[in-house]
Every structure is written in structure tokens, then in C-alpha cells.
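Hello, and thanks for passing this one along. Here are my notes, set out as numbered points to read beside the coordinates.

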Amino acid sequence: MPRASKSPARSRSPASDKPLAMRRTPRKAAPPARLGDGDNWGSSPASKWAPPPEPTPTKPAERGKALFDAEDSTAKNKKKAKAGGVLQWYRSRREAKPWVYGLLEGAAFAAAGELVATCIIKQQSADPMRLLFFAGWGAVVAFCVAPWLKLLSSLTLSRPYRLLDSMGKAVLNQLTMTPLLTLVFVAAWEVMLKKTPVPELATRGVGPISEPFTDRYKRTAVFWLTADFVNLLLVPKNYHFLVALAMGAIWAVLSSHMMT
């Protein structure tokens, strides 16, 4: 039986024919690092080291004041949250029944204007009939003005010039809705508060109301021309009706002060 050859050339496997991987980066010879050598450890002078400052003790009065401020802030936040909840509740109800709440808002604004004119400006006691008249009149105005303002907002009289568009709508309102409402107001005032019978008023024609109508229409047109122009120009469409009711309350104060 032949012996296996012990020659290095024959015993070398094929994989060993490949050259060995050589290190291409030079090895950096450095002595072992020692703690405190060249790392600035403990090199600062002792005079630079200082103990940390002690916390300033809070006085009892300051702690009490801080606690009071925190409680006051919490109370204010609760009030704001409660007010926001009430407004959210009213908004949801109003969106569900806009006509009902619109009439109630108109009546409330007009009645408030009558109370201010009578009790604060004239320094007189409130008249229940006048109060009822103005509340009813506010509801009538709200019923007429709500769809009318929506129609005015949808119209475009001058597209490139918003100023002229708002002024044109305000003038249109004074030529259409304002004289109609003024006539109804004067007639209702003669019947309900001056106790003029309706047959007598119909018999005498427009004579008894022509003079008060002309005088009131001049004042109404001047006031509402300015109010409508500002409302249509500066106020967003969603708030036109609310601003109109607020201006109506101011006009109710003036009307109650002028009408006797």
C-alpha cells in the first residue's frame, strides 16, 4: 500500500493557493492610556470649584399667594368653560330651530331698546303696552329681515368694487324694505298705542299717518343707510342678521325716545 506523500506541494489544498489577506493600514503603536494623563482630569485649580447654590426658601406668604393665584386661575378657567358651554348649547339649539330663535332674538333686542329708552334715558317707569308693542315689532322685523338679508347677500351689484356693491345694497334696502316697515310701524303705533280705531283710520285714509310716516322715514333711512352699509361691507355673511338685530336695538332706543 503506497504511503501518502508528505511533500508540501502535494498536501496543499486548492484554496490555500490564494494569497493571504494583507493589512494595508499601518498599525499605530501607542502606550496604554493612563487615567489622568493628557485628559485634563483634575487639572483645574481648586479655587475654581464651588459648591452649588442652595435653593432659596419660599416664604409662607409667597406660597399662599401662589396658591391663591392658582385657585383664581382655575376658577376663571371654569367660568370660561361654562360660558363656552352655554354658548355652544344655544348655538346648537338655534341651528336646529333658526326661525323660532330669530323671532325671540328680535323681540328681546327691541324690548331691551324700549327699556333703555324709558327707564334709563327718560327716567320713567316701564309701560307694559309699549314694551309689548316693541317686543312684537322686533319679532316682525326679524321675520322680514332674515330672508331679506340673505337675498341681499346673494346679490352682486358691482363685482370688482366691494365698496360700491355694499353701498348699492344699502340704498336698495332704503328704497324697498325700509319704507314698507316704516309704514307698518306707524300704522300699528296709531292703532295699538294711540287707540285709533281701524275703521276710522281706514276711513280717513293715509292722512293721519302721512306726516309721521314722512318724518320717521327720513330718520330711518339716514340711520339704516349707514348701518346697512357697514354691516354688508365689514361683517361676514353669517353674522349679518345678528348685527342687524343689534343695530335694531339701538334704533329701538331712538324710536322709543322720539315717539310719544
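1. Disulfides and cysteines. Please keep in mind throughout that this is a predicted model. It holds zero disulfides. Two cysteines are worth a look for their accessibility. C119 has a relative accessible area of 32%, and C144 has 25%. Both values lie between the 20% below which a residue is buried and the 50% above which it is exposed, so C119 and C144 are each classed as partly exposed.

2. Overall fold. The protein chain has nine helices and zero strands. Followed along the sequence, its pattern reads α-α-α-α-α-α-α-α-α. Of the 260 residues in the protein chain, 25% are buried.

3. Helix α3. This helix has 24 residues, and its first and last C-alpha atoms are 33 Å apart, close to the expected 34 Å at 1.5 Å a residue. The buried residues of α3 include the glycines G102, G106 and G113, the alanines A107, A110, A111 and A117, and the glutamates E105 and E114. Y101 and T118 are also buried there. Just after α3, Q123 takes a positive phi of about 60°, in case you want to check the backbone at that spot.

4. Helix α5. Its 14 residues should span 20 Å at 1.5 Å a residue, and the end C-alpha atoms are indeed 20 Å apart, so the two values agree. The buried residues in α5 are D165, S166, K169, A170, N173 and Q174.

5. Helix α9. Here 19 residues reach 26 Å from the first C-alpha to the last, close to the 27 Å expected at 1.5 Å a residue. Among the buried residues of α9 are H240, F241, A244, L245, W251 and V253. A249, A252, S255 and S256 are buried in this helix as well.

6. The largest pocket. How much volume does the largest pocket have? The value is about 860 Å³. It is lined by 22 residues, and those nearest its centre are R94, N238, Y239, F241 and L242. Two or more lining residues come from each of α2 (60-96), α3 (98-121), α4 (128-154) and α9 (240-258). The largest share, six residues, is given by α4. By class, the pocket lining has twelve nonpolar, four polar and six charged residues. F241, one of the residues nearest the pocket centre, is also among the buried residues of α9.

7. The enclosed space. Rolling a probe the size of a water molecule over the atoms shows where empty space is left. A search of the whole structure finds one cavity of 30 Å³ or more, and the largest cavity holds about 470 Å³ of space. Of the 30 residues lining this cavity, V141, V145, L181, W224 and W251 are the closest to its centre. The helices that give two or more residues to the cavity lining are α3, α4, α5, α6, α8 and α9. That lining divides into 19 nonpolar, nine polar and two charged residues. W251, which is among those closest to the cavity centre, is one of the buried residues of α9.

8. Aromatic pairs. The model has eleven aromatic pairs. One of them joins F134 and W189 edge-to-face, with 6.1 Å from centre to centre and 75° between the planes. F134 belongs to helix α4 and W189 to helix α6 (residues 177-192), so this pair ties together parts that are 55 residues apart in sequence. Both F134 and W189 are buried. A stacked pair is formed by F213 and Y217, at 5.9 Å centre to centre and with 10° between the planes. F213 and Y217 are four residues apart in helix α8 (residues 207-234), so about one helical turn separates them. An α-helix has 3.6 residues a turn, so residues three or four places apart point the same way. F213 is partly exposed at 21% relative accessibility, and Y217 is partly exposed at 22%.

9. The aromatic cluster. Which residues form one aromatic cluster? They are F133, F134, W137, F185 and W189. The edge-to-face pair of F134 and W189 therefore ties α4 to α6 with both of its residues in this cluster.

Note on methods
Residues are numbered from 1 along each chain as its sequence is written. This is a predicted model: local features need pLDDT of at least 70, side-chain atom pairs count only at pLDDT 80 or more; totals for chains, interfaces and linings use all residues. Side-chain values use heavy atoms; hydrogens and water are left out. On a 1 Å grid over the protein atoms alone, a cavity is a set of points where a 1.4 Å probe fits but cannot get out, and a pocket is an open set with protein on both sides within 12 Å along at least five of seven lines; lining residues have an atom within 4 Å of a point. Grid points are joined across faces, edges and corners, and a volume is the space filled by probe spheres set on the points. Ala, Val, Leu, Ile, Met, Phe, Trp, Tyr, Cys and Pro count as nonpolar, Asp, Glu, Lys and Arg as charged, and the others, Gly among them, as polar. A disulfide is a pair of cysteine sulfur atoms within 2.5 Å. Buried means under 20% relative accessible area, exposed over 50%, partly exposed in between (1.4 Å probe, protein chains only). The expected span of a helix is 1.5 Å times one less than its number of residues. Rings of Phe, Tyr and Trp (its six-membered ring) pair if their centres lie within 6.5 Å; planes under 30 degrees apart count as stacked, over 60 as edge-to-face and the rest as tilted.
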